[in-house]
Amino acid sequence: MAKPVLTFDHVSKRFDDGTVALAGVDLSVASGEFVSVVGPSGCGKSTLLRIASGLTGVSDGAVLARTDKIGYVFQDPTLLPWRTVQANVELLTELGGLPKAERRRRANEAIKLVGLSDFAHHRPRALSGGMRMRVSLARSLTLQPELFLFDEPFGALDEITRERLNDELLQLYTTQRFTALFVTHSVTEAVFVSERVVVLSRRPGQVLGDFPVPFEYPRPPGLRFDEGFAHLAGEVSACLRGGRRHASQASPPRGSTRR
Amino acid sequence: MSADTEISGPDGPTLAAPLQGASRLVPSGRGRWLSFWGPPFVVLLTVLGLWYAISYLLLSPQRRFLLPPPHAVLQVGFLDPFNLRELLQALWLSARVAMAGLSIAIVIGMALAIAMSQARWVERSLFPYAVILQTIPILALVPLFGFWFGFGLTSRVLVCVLIALFPIIADTLFGLRSVEQDHHDLFTLHDAGRLTRLWKLQLPAALPAVFTGLRVSAGLSVIGAIVGDFFFKQGEPGIGILIDLYRSRLQSEQMFSAIILSSLFGVLVFWFFGFLARRVVGGWHQSARDPTVS
């Protein structure tokens, strides 16, 4: 079993206004594992990622990230509108103080990986929502992250674009093999992209279920119509709707993966 | 990943060709030009018509000096070489005063706004006084400048600084504060220091608001130069001094010419900063785009 890259140990979070977002969350993500977190709106999914990245502290419990090479993909692409695609993709390495030539090389490589080489000199406003999200992904790729945190990155996109970007994200994952914690409110998306789906309860968020996804990578787009896929998505959905702890798989072995 | 299908896909045809039939809805180049310039031209003609009507129908020839007809203003003020030279020399001096005041206001205003954006306590300490400075009637403060700095050019420039300062502070601060939280988070995640954040994030993001402030302040600085002329008459005459002089001599044609010329200068300055805004931020921000281009 691979070592966990990210571990939440009984993490709770209470905000200054008294809102309790998370209550005793235990979760670990093994090296190279792709874990999705689904849950109702306001259950603390994004807070979980903000805690993992260090943007927000915990009120109780502990978080351990065994790497500082973390890529964070926000729900909004967070591109700087005055910069071109190339300059946006170079931003993080620029902040990291890398030499210009190296920044350029990494950016070119990442832009090529997300298929936007022809748009390197366009500004974000000339791009569609899906293309902007790819630029955001490329920007994180330049850091060569070991751990990727995705905060509902495709939540604002239409269904067809979202499915296409899911396919493309999986292509990237298959080739790069980073560790990923992927927050989404779409059960189908969660089951399609990940190796494990963790279900959070309504606020305060607690782990209700932890479902291993038994499908091999690479996953064809047609997997979404597979009977087994539909069955698993149904189970996750039932757990989400039922709001009760999923007895059989609430505490699976940490970092367990099936490929 | 492939991008080519994205462009015209369901994700939004932002780079795709215009829809067929759209040309029937969007006017052609000439039509667009007419629809843009037509309405203000009609308003100008209406104003000139009213002007003539008041001059010739309401005012007797003895009282016509109160509003001389437009052609008389043109003839005396702009077509008489002596008068025109006098007006242009005065305007040039007022322009220098206004631009000097505006430059100082930009430096002080932006420095104060940047300082306030960096710490709430600085904002809490300074902003109320900036508001008070703005709310004190400028005409009440101007005489004090004469006591403190004399009745020459220095005081005229200071009036421009005072009148142009607040919009620069307010708009720059608004722009610096308007950066989205996600962008701040992105910079926080990557350990960006205060200066890096200011230089690479806050200042570029604030530019559209800064230009809005600059346009307002530029117009105000022209007004400040003229107001200063009324109070501080030592040294070479500016356009305001000429206006006061023509008023006292009942030379209304010249006075109207001076008023029109100073207005045109104000418009020119306003247009210049609009042009600069389009050049600098028009490529990425809606507010600075040319309204004639749809």
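This is a guided tour of a predicted model with chains A and B.

**Confidence first**

Colour the model by pLDDT. The overall scores are ipTM 0.88 and pTM 0.82. Now select chain B. Its mean pLDDT is 87, and 88% of its residues reach 70 or more. Then pick residues 1–23 of chain B, where the pLDDT is below 50. Beyond near neighbours in sequence, this stretch still has 33 contacts in the model.

**Stop 1: the sheet at the start of chain A**

Select residues 4–14 of chain A, which are strand β1. Add residues 20–30 of chain A, strand β2. The two run antiparallel, and 7 bridges join them. Next add residues 60–65 of chain A, strand β4. This strand also runs antiparallel to β1(A), with 5 bridges between the two.

What is the order of the strands in this open sheet? Read across chain A, the order is β2-β1-β4, with antiparallel pairing. β2 and β4 of chain A are the edge strands, and each has a single partner, so one side of each lacks a neighbour in the sheet. On average, neighbouring strands here are turned by 15 degrees against each other, direction ignored. Strands of a sheet pair through backbone hydrogen bonds, so show those next.

Click on A:Phe8. On the β2(A) side, its bridge partner is A:Leu27. On the β4(A) side, the bridge partner of A:Phe8 is A:Val63. Move along to A:Lys13, which stands opposite A:Leu22 in β2(A).

Now follow the chain around the hairpin of β1(A) and β2(A). There are 5 residues between the strands. Stop at A:Gly18, where phi is positive, near 95 degrees.

**Stop 2: backbone oddities in chain A**

Most residues other than glycine have a negative phi, and most peptide bonds are trans. The next three selections depart from that pattern in one way or the other.

- Select A:Thr78. This residue is not a glycine, yet its phi is positive, about 50 degrees. Look for A:Thr78 in the loop between β5 (70–73) and α2 of chain A.
- Select A:Arg203 and A:Pro204. A cis peptide bond joins them, with omega about 0 degrees. A:Pro204 sits in the loop between β8 (196–200) and β9 (207–212) of chain A.
- Select A:Tyr217 and A:Pro218. They too are joined by a cis peptide bond, and omega is about -5 degrees. A:Pro218 belongs to the loop between β9 and α7 (227–242) of chain A.

**Stop 3: where the chains touch**

Show both chains. In the interface, 30 residues of chain A are in contact with 22 residues of chain B. Highlight three helices of chain A: α2 (85–95), α4 (129–141) and α5 (159–176). Each supplies at least two residues of the side that touches chain B.

Which helix of chain A gives the most to this side? It is α4(A), with 4 residues. Colour the side of chain A that touches chain B by class: it has 15 nonpolar, 8 polar and 7 charged residues.

**Stop 4: the domains of chain B**

Hide chain A. Split chain B by its domain assignment: domain 1 is 28–67 and domain 2 is 72–288. Place a centroid on the C-alpha atoms of each. The centres of domain 1 and domain 2 of chain B are 29 Å apart.

**Stop 5: helix packing in chain B**

Select residues 81–118 of chain B for helix α5. Add α8, residues 153–177 of chain B. The axes of α5(B) and α8(B) come within 6 Å and cross at roughly 35 degrees. Their crossing is right-handed. What is the class make-up of the contact of α5(B) with α8(B)? There are 23 nonpolar, 4 polar and 2 charged residues.

Keep α8(B) on screen and swap in α7, residues 138–149 of chain B. The axes of α7(B) and α8(B) come within 10 Å and cross at roughly 145 degrees. This crossing is right-handed as well.

Show the side chains at the contact. From α7(B), pick B:Ile138, B:Leu141, B:Val142, B:Phe145, B:Gly146 and B:Phe149. From α8(B), pick B:Thr154, B:Ser155, B:Leu158, B:Val159, B:Leu162 and B:Ile163. By class, the contact of α7(B) with α8(B) has 9 nonpolar and 3 polar residues, and no charged ones.

How values were computed
Residues numbered from 1 in each chain as written. Chains lettered and ligands numbered in written order. Predicted model: local features only at pLDDT ≥ 70, side-chain atom pairs only at ≥ 80, totals over all residues. Pairing = 2+ DSSP bridges. Axes fitted to C-alpha atoms, helices over the stretch in contact; angles between N-to-C directions. Left-handed = near helix turned anticlockwise from the far one by under 90°. Contact = placed C-beta atoms within 7 Å. Nonpolar A, V, L, I, M, F, W, Y, C, P; charged D, E, K, R; others polar. pLDDT = per-residue confidence, 0-100. Domains from an automatic or database assignment.
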